[in-house]
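User: Please take a close look at one part of this model for me, the pairing of charged side chains. I would like a single connected explanation that I can follow at the bench.

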Amino acid sequence: MNEDVPLAALLMPVLVKPILEKLERKENAAAQILQTSLTKTEKNSPGFLLELVRALLRETQSDGAVNLTEQLLRLQGTLADSEPELRVNRPEEIFQELNRRAVYLKKVLSRVPEQIGDRKSFLDTIKDIASAIKKLLDAVNGVTAHAPHRKHALEQRRREFVKYSKRFSNTLKEYFKEGEVEPVYVSDLYLIYQTNQIVMTTKRDFERQNVSNGGGPSLRV
C-alpha cells in the first residue's frame, strides 16, 4: 500500500492544524492567513504538505529518526475527540452514533504504536479494533437505512472501508509471522483515513439544507 495517501490526507488535521491553533492564541491573523494559504496550496497541489514536512525533516537531519506514520498515529490519539470538522452536524441519534463510533475507532487504532510491543496488550487492542469496526459499520447501516435515497455514495465508502479492514487483518497476520511493524502502521493509518472518509461523505450528503414550508432552513433526509 502507498503510505503517502493517508499521510497526505491526515497531515493537516492531525499535525499542522493543532500547531496553527496554538499559534492562533498569540498571532490570530497570521495563523489564519497561514492556514488559508496551506489549505489552498494543498488543494491545488495534493501532497504539498507531505513533501514540505519531509523536506523539513531532512533539513534537521531527523528524517531517519522520525517515523512519520507512527507519529501521526500517536498524535491522532490526542485529537480523536476534538475534531469538529470530522463530525456530522445532525442532532438525530443515528448521526450522533456514527460520530461516536468513528471517534472511538480512531482512538483505539491510535493505541497500536504504544501497545504493539506488548503481545498481550496488543491482542486486546486488536479485539477492541474488531469490535469498534463492527459497531461503526452498524452505525453506517443505520444511516443508509434511514435515508435509502441518499445511500449510494456512503455505501461505496462502506465497501472501501471493509476492503481496508480486511487488509488490516491480513497485515496483522503477516506481522505475527514476520515481525514487520511498519506495514501495520501504514494499514492502521489507512483505516483512520477511511473512517474520516465515511464521516466526510455523510456530512456532504446528509447536512444539506432544504427549505421548509415556512421558508426557513430545515435539515431533512
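Analyst: Happy to. One definition comes first: a residue is buried under 20% relative accessible area, exposed over 50% and partly exposed in between, with a 1.4 Å probe and protein chains only. Please keep in mind that this is a predicted model, in which local features need pLDDT of at least 70 and side-chain atom pairs count only at pLDDT 80 or more, while totals for chains, interfaces and linings use all residues. Residues are numbered from 1 along each chain as its sequence is written, and side-chain values use heavy atoms, leaving out hydrogens and water.

Here is the setting. The protein chain has nine helices and two strands (DSSP runs numbered from the N terminus, H or I of at least four residues for helices, E of at least two for strands). Read from the N terminus, the order is α-α-α-α-α-α-α-α-α-β-β. The C-alpha trace spans about 60 × 45 × 30 Å along its principal axes, and buried residues account for 40% of the 221 residues.

Now to the charges. Side chains of opposite charge can pair when their charged atoms come close. The structure holds 16 salt bridges (a side-chain nitrogen of Lys or Arg within 4 Å of a carboxyl oxygen of Asp or Glu).

Let us start with R90 and E92, whose side chains meet in a salt bridge at 2.7 Å from N to O. The two partners sit in contrasting surroundings: R90 has 2% relative accessibility and counts as buried, whereas E92 is partly exposed at 27%.

A little further along the chain is the pair of R100 and E97, another salt bridge, where the closest N and O atoms are 2.8 Å apart. Both residues belong to helix α5 (residues 93–109), and because they are three residues apart in that helix, about one helical turn separates them. R100 is partly exposed, with a relative accessible area of 41%, and E97 also counts as partly exposed, at 21%. This pair has company, too: E93, E97, R100 and R101 are linked in a network of salt bridges. So if you click on R100 in your viewer, it is worth displaying E93, E97 and R101 along with it.

Helix α7 (residues 119–146) offers a further example, with D124 and K120 four residues apart, about one turn of the helix. Their side chains meet in a salt bridge with an N to O distance of 3.5 Å. In this pair, D124 is partly exposed, its relative accessible area being 33%, while K120 counts as exposed at 61%.

For contrast, look at an uncharged residue, L7, which lies in helix α1 (residues 4–24). With a relative accessible area of 1%, L7 is buried. Leaving aside neighbours within four places in sequence, L7 is in contact (heavy atoms within 4.5 Å) with L50, R54, L68, T69, L72 and L189. One of these, L189, is 182 residues away from L7 along the chain, yet the C-alpha atoms of the two are separated by 7.7 Å.

To pull the pairs together: R90 of the first pair is buried, E97 and R100 belong to a network with E93 and R101, and D124 and K120 are paired within helix α7.
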